[in-house]
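Grab a coffee and open the viewer. Below are a few exercises to work through with the structure in front of you, each with a worked solution.

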2 protein chains.
Amino acid sequence: MRIGELAVRTDSDVDTIRYYEKIGILPKAARTEGNYRHYGEAYVERLRFVRHCRALDMTLDEIRLLLRFRDTPEADCAEVNALLDEHIGHVTTRIAALTELEKELRGLRRKCRRVQQARDCGILAGLATDSQAGRPRKKQHIAGTH
Amino acid sequence: MRIGELAVRTDSDVDTIRYYEKIGILPKAARTEGNYRHYGEAYVERLRFVRHCRALDMTLDEIRLLLRFRDTPEADCAEVNALLDEHIGHVTTRIAALTELEKELRGLRRKCRRVQQARDCGILAGLATDSQAGRPRKKQHIAGTH
DNA sequence: GAAAACCCTGGAGCCACTCCAGTGTCAATG
DNA sequence: CATTGACACTGGAGTGGCTCCAGGGTTTTC
């Protein structure tokens, strides 16, 4: 099949597929005479694996490692378990941070219940004060809210 | 004060401060004879406001809007309230998505309790199957876990 | 007066895509 | 057989919010 069909079948974007190939997440595709990429079922499986991992919010580097294990079935999978444990830890941490954040935002929101002049808006005032709550000091592994 | 002291006092990085100036979040700083930026207390306040908003995971565009309100005290603050409500909504949504994700990851982790050959690893097998759970179809406003 | 600490600019790099312009290929019509 | 339209190709730029760097200049301290 060609890249468009592959994209549909794996719920990906054609640009994403080409990108994965370029950075070596996926092997170089075979080409037709007219220089179109064409793919077989094994490729579909591999791409689905990748997309599933991405849906679980793993980085491409993590996925690269998992793919190596997939490709060497005689290796032992302790590292796979470790990777997943670490990843779960990141997610858990991020949930806690966001929950804290949500609490602070709701507190802030309560400071301005009615429409008034910005001069007197409790929210703007709240944002100007030096609250330290939920202040992530270092770059967090699990990203922000945008 | 110079940029280094400002950075310490606002818990920012000097590069970040220069970056904010460049993209117009902060006004152009005054310069000394030797071409060093120098700042007064109002600038400290403004930067603290920005850092506080960032700690609350707002985008720089959102912050730009809030700064405009800060600068026009006679305007009414309905938009500030709306911005915050929307932001809270994003955070709440993201928490729900991550919680779902965590559940799926823990389920996946249970599939491989002991170290074995990758061939038989339940995690790799689980990642290869076409589970749809937690599949974010569209770009999420609140970002991922990395 | 020399060394260390600080500051300057412009530009590249990060992640994981996403979008684009300009061009080429191919299957189905007129 | 020519045209149209859908699809594909490449290389490069853009996203957000920084972060880091090279190669220089300035200021402070000993």
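The exercises look at DNA contacts and helix packing in what is a predicted model.

**Exercise 1. Find which residues come closest to DNA strand C, and say how many surround the strand.**

Solution.
- Step 1: Start with the head count. DNA strand C is surrounded by 18 residues.
- Step 2: Pick out the closest. They are A:Tyr20, A:Tyr36, B:Gly4, B:Arg18 and B:Arg37.
- Step 3: Sort the surface by class. The residues near DNA strand C split into six nonpolar, five polar and seven charged.
- Step 4: Turn to the DNA side. Among the atoms of DNA strand C within 4 Å of the protein, 71% are sugar or phosphate, and bases supply the rest.

**Exercise 2. Work out which atoms sit next to the phosphate oxygens of DNA strand C, and which elements build the surface there.**

Solution.
- Step 1: Look for a side chain. An N or O atom in the side chain of B:Arg31 is 2.8 Å from a phosphate oxygen of DNA strand C.
- Step 2: Now check the backbone. A polar backbone atom of B:Arg37 is 2.8 Å from a phosphate oxygen of DNA strand C, and a polar backbone atom of A:Leu60 is 3.4 Å from a phosphate oxygen of that strand.
- Step 3: Map the surface onto elements. Two or more residues each come from helix 2 (14–22) and helix 3 (41–55) of chain A, along with helix 1 (3–10) of chain B.
- Step 4: Name the top contributor. Helix 2 of chain A gives the most, with four residues.

**Exercise 3. Do the job again for DNA strand D: which residues come nearest, and what do they touch?**

Solution.
- Step 1: DNA strand D has 19 residues around it, and A:Gly4, A:Arg18, A:Arg37, B:Tyr20 and B:Tyr36 come nearest.
- Step 2: On the DNA side, sugar and phosphate make up 73% of the atoms of DNA strand D that come within 4 Å of the protein.
- Step 3: Go through some phosphate contacts. The side chain of A:Arg18 places an N or O atom 2.6 Å from a phosphate oxygen of DNA strand D, while a polar backbone atom of B:Gly34 is 3.4 Å from a phosphate oxygen of DNA strand D.
- Step 4: Don't skip the bases. A polar side-chain atom of B:Tyr19 lies 3.4 Å from a base nitrogen of DNA strand D.
- Step 5: Assign the elements. Helix 1 (3–10) of chain A gives two or more residues to this surface, as do helix 2 (14–22) and helix 3 (41–55) of chain B. Helix 2 of chain B has the largest share, four residues.
- Step 6: By class, the surface near DNA strand D has six nonpolar, five polar and eight charged residues.

**Exercise 4. Decide how helix 5 of chain A and helix 5 of chain B run: roughly parallel or roughly antiparallel?**

Solution.
- Step 1: Get the geometry. The axes of helix 5 of chain A and helix 5 (residues 78–109) of chain B come within 9 Å and cross at roughly 155 degrees.
- Step 2: Apply the cut-off. Angles over 145 degrees count as roughly antiparallel, so the two helices are roughly antiparallel to each other.
- Step 3: Add the hand. Helix 5 of chain A passes helix 5 of chain B in a left-handed crossing.
- Step 4: Check what is in the contact. It holds 16 nonpolar, eight polar and 10 charged residues.

**Exercise 5. Describe how helix 4 of chain A packs on helix 5 of chain A, and which residues meet.**

Solution.
- Step 1: The axes of helix 4 (residues 60–71) and helix 5 (residues 78–109) of chain A come within 10 Å, crossing at roughly 155 degrees.
- Step 2: That angle makes helix 4 of chain A roughly antiparallel to helix 5 of chain A, and their crossing is left-handed.
- Step 3: List the partners. From helix 4 of chain A come A:Glu62, A:Leu65, A:Leu66 and A:Phe69; from helix 5 of chain A come A:Glu79, A:Val80, A:Leu83 and A:His87.
- Step 4: Sorted by class, this contact has five nonpolar, one polar and two charged residues.

Technical notes. Residues are numbered from 1 along each chain as its sequence is written. Chains are lettered from A and ligands numbered from 1 in the order in which they are written. This is a predicted model: local features need pLDDT of at least 70, side-chain atom pairs count only at pLDDT 80 or more; totals for chains, interfaces and linings use all residues. Side-chain values use heavy atoms; hydrogens and water are left out. Axes are lines fitted to C-alpha atoms, for helices over the stretch in contact, and angles run from 0 to 180 degrees between N-to-C directions. Angles under 35 degrees count as roughly parallel, over 145 as roughly antiparallel, 65 to 115 as roughly perpendicular and the rest as oblique. A crossing is left-handed if the near helix is turned anticlockwise from the far one by less than a right angle, and right-handed if clockwise. Contact means heavy atoms within 4.5 Å. Ala, Val, Leu, Ile, Met, Phe, Trp, Tyr, Cys and Pro count as nonpolar, Asp, Glu, Lys and Arg as charged, and the others, Gly among them, as polar. A residue is near a molecule or strand if one of its heavy atoms lies within 4 Å of it. A polar contact is a pair of N or O atoms within 3.5 Å; within protein, one must be able to donate a hydrogen and the other to accept it, and residues adjacent in sequence count only if both atoms are side-chain atoms.
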